[in-house]
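Reader: Hello! I am new to this one, so please choose a single part, take a close look at it, and show me how the rest connects to it.

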Amino acid sequence: MMPIWTKSGKRHAVTLLKVQDCHVLRYISKEESGAKTPKLLVGGKNASPFSKSESAMEIFREAGVPRKQKVTTFNVTDDALIKPGTPLYAAHFRPGQFVDVTAKTIGKGFQGVMKRWGFKGQPASHGQTKTHRRPGAISTNKAGKVYRGKKMPGKMGNVYRTSLGLKVWRINTKHNIIYVNGSVPGHTNCLVKVRDSKLPSYKDCNKNPPFPTFFADGDENLPEDLYDEEIFQFTDPSVTYA
Amino acid sequence: CRISSDGKPAKFQPPPKPVITDKRKQREERRFLSPEFIPPRGRTDPLKFYIERKDMIQRRKVFDIPEFYVGSILAVTTADPYASEKVSRFVGICTQRGGKGLGATFVLRNVIEDQGVEICYELYNPRIQAIEVLKLEKRLDDNLMYLRDALPEYSTFDVNMKPVSRLDHEEIPVNKLKVRMKPKPWSKRWERPKYNIKGIKFELPESKMKEAEKWRQPWLEFDMLREYDTSKIEEKIWKEVSEELKK
């Protein structure tokens with residue numbers, strides 16, 4: 001995570017996400033899966049092919065791609081289909097876009113009710129007998145049962161969670177790095193799924209994105225760094241309020 | 001003047017040649033790498049530090065960040081939208097330097113009209129217009145937080161102080177000042193060995209100093225997992241940074 005300053009002098013914290021060998025693996029049509037939109041399987045970081053069975057390696061062999069550590073599905077519209085085997089780059093996203101980031105949260109193991117659900121617990125003194133971090137009452141008398149989904153101690157973390165509506169501030173095309181506003185679930189160097197935001201307020205914010213994706217053919221020569229309009233670039237002189 | 005055997009005036013003897021010492025060699029021996037360039041020990045990808053360093057070098061090319069240590073007196077002018085002149089200037093002694101990479105900070109302390117003021121500035125904040133080193137010196141400690149409990153005369157510095165001139169190749173002076181403290185209670189128990197403070201003149205009774213020694217942890221200096229040898233990393237980073245800045 002890094003600080004970033006805007007031209008007005010405000011400071012924001014930014015997370016760096018690296019796009020490491022992403023390839024499109026397979027196209028699943030609407031009829032095949034029974035869903036409303038066709039899907040595209042996309043694979044992430046390269047990993048060793050020796051620890052998976054032959055049947056699991058079939059998908060990677062068909063696409064002509066080394067085995068990937070993580071495979072995710074993206075629901076895509078009909079006009080945005082990509083041929084399996086094409087690499088995906090960070091330039092697929094542009095600064096000023098809004099993005100949802102999904103990842104597995106840091107596992108905290110078996111945790112009590114105060115850390116897991118934010119209960120207040122009981123006072124430390126004034127006669128409390130052996131009760132300082134317990135949940136207290138779990139249901140009423142009239143119910144006669146404990147409702148399903150009651151917040152109780154259990155395994156916390158290591159679950160997929162999404163941070164919604166994060167702004168993309170900067171893209172580094174040389175090293176394939178996306179600078180995303182705020183924090184992102186997961187530990188450092190964990191695998192993360194980045195998707196265009198589904199929030200209704202950011203529906204029309206994407207102006208001319210590379211559609212269906214950014215193909216590194218050599219036609220478009222993008223500069224090494226793409227910045228948002230409001231970012232203070234370090235090549236400019238210091239900010240003044242005149 | 002001497003008259004030689006011929007009767008003519010003596011041949012002009014040139015003065016003895018001066019001894020030329022190559023001061024460049026002496027100067028090059030002292031390299032200063034700002035502490036925020038050294039990456040902390042952790043499981044982050046070195047690529048992240050490389051990219052952050054590129055940004056830091058970019059900023060240093062446009063804006064000069066001078067060399068300074070904890071204990072030197074600095075004057076910082078920042079752009080302030082709420083000030084009448086849109087710039088605010090603060091003079092103070094640097095008490096701490098923290099943070100790594102672009103978020104590196106330093107805290108300046110001064111006593112203005114009997115009120116102690118500490119301001120934490122970010123080195124790479126674009127709102128900073130100028131950083132001047134008024135007096136470059138080191139102190140006996142890395143962290144001068146104990147000045148909060150010292151007598152206020154040790155933290156007062158003249159706001160209109162003139163910069164103290166010093167030659168380029170001299171070594172940085174170490175101010176071996178022993179500071180006198182206000183009566184206890186202090187914000188932290190500075191006499192305890194964990195703070196390892198050498199810059200205070202403790203006027204506490206011997207019994208209190210002996211009691212503080214109970215908290216000494218002599219095994220810490222032999223703990224191998226705590227060792228972090230930065231010499232090789234520093235060499236590499238120093239080469240990279242100096243080459244980039246010369247361009």
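Author: Two strands pair if DSSP finds at least two bridges between them; strands (E, at least two residues) and helices (H or I, at least four) are DSSP runs numbered from the N terminus. This is a predicted model, in which local features need pLDDT of at least 70 and side-chain atom pairs count only at pLDDT 80 or more, while totals for chains, interfaces and linings use all residues. Residues are numbered from 1 along each chain as its sequence is written, chains are lettered from A and ligands numbered from 1 in the order in which they are written, and side-chain values use heavy atoms, leaving out hydrogens and water.

Let us start with strand β4 of chain A. This strand spans residues 39-43, and four of its five residues are buried, so β4(A) is mostly covered (buried is under 20% relative accessible area, exposed over 50%, partly exposed in between, with a 1.4 Å probe and protein chains only). On one side, β4(A) is joined by five bridges to strand β3 (residues 22-28) of chain A, and the two run antiparallel. You can pick out His23(A), which stands opposite Gly43(A) in β4(A). Five bridges also join β4(A) to strand β5 (residues 71-75) of chain A, again with the strands running antiparallel. There, Leu40(A) has Phe74(A) in β5(A) as its bridge partner. Seen as a whole, this is an open sheet of four strands in chain A, ordered β5-β4-β3-β6 with antiparallel pairing. Its edge strands are β5 and β6 of chain A, each of which pairs on one side only.

Follow Phe74(A) a little further. Lys193(A) lies over the face of Phe74(A), 4.9 Å from the ring centre (for a charge over a ring, NZ of Lys or CZ of Arg is within 6 Å of the ring centre and within 35 degrees of the ring normal). Chain B offers an arginine case: the charged end of Arg192(B) sits over the ring of Trp215(B), 3.5 Å from its centre.

Lys193(A) falls within the residue range of β12 (192-196) of chain A, which brings us to another set of strands. β7(A) and β12(A) pair in the antiparallel sense over five bridges, with Val99(A) standing opposite Asp196(A) in β12(A). β7(A) also pairs with strand β10 (residues 160-172) of chain A, in the antiparallel sense and over six bridges. One partnership to look for is Lys104(A) with Tyr160(A) in β10(A). Six of the seven residues of β7(A) are buried, leaving that strand mostly covered.

Now for the rings. Over all chains, the structure holds 10 aromatic pairs (rings of Phe, Tyr and Trp, the last by its six-membered ring, pair if their centres lie within 6.5 Å; planes under 30 degrees apart are stacked, over 60 edge-to-face, the rest tilted). One of them is edge-to-face and joins Tyr89(A) to Phe214(A), at 6.3 Å centre to centre and 85 degrees between the planes. This pair links distant parts of the chain, 125 residues apart: Tyr89(A) is in the loop between β6 (87-88) and β7 (98-104) of chain A, and Phe214(A) in the loop between β12 (192-196) and β13 (225-227). Tyr89(A) is partly exposed at 27% relative accessibility, whereas Phe214(A) is buried, at 9%.

Phe215(A) is also found in the loop between β12 and β13 of chain A. With a relative accessible area of 36%, Phe215(A) is partly exposed. Phe215(A) and Leu88(A) are 127 residues apart in sequence, yet 7.5 Å apart in space, C-alpha to C-alpha. Leaving aside residues up to four places away in sequence, Phe215(A) touches Ile82(A) and Thr86(A) (contact means heavy atoms within 4.5 Å). Elsewhere, ring pairs link Trp5(A), Phe232(A) and Phe234(A) into a cluster.

Finally, look across to chain B, where 27 residues are in contact with 25 residues of chain A. The rule finds three salt bridges across this interface (a side-chain nitrogen of Lys or Arg within 4 Å of a carboxyl oxygen of Asp or Glu). Glu122(B) forms a salt bridge with Arg11(A), the closest N and O atoms being 2.6 Å apart.
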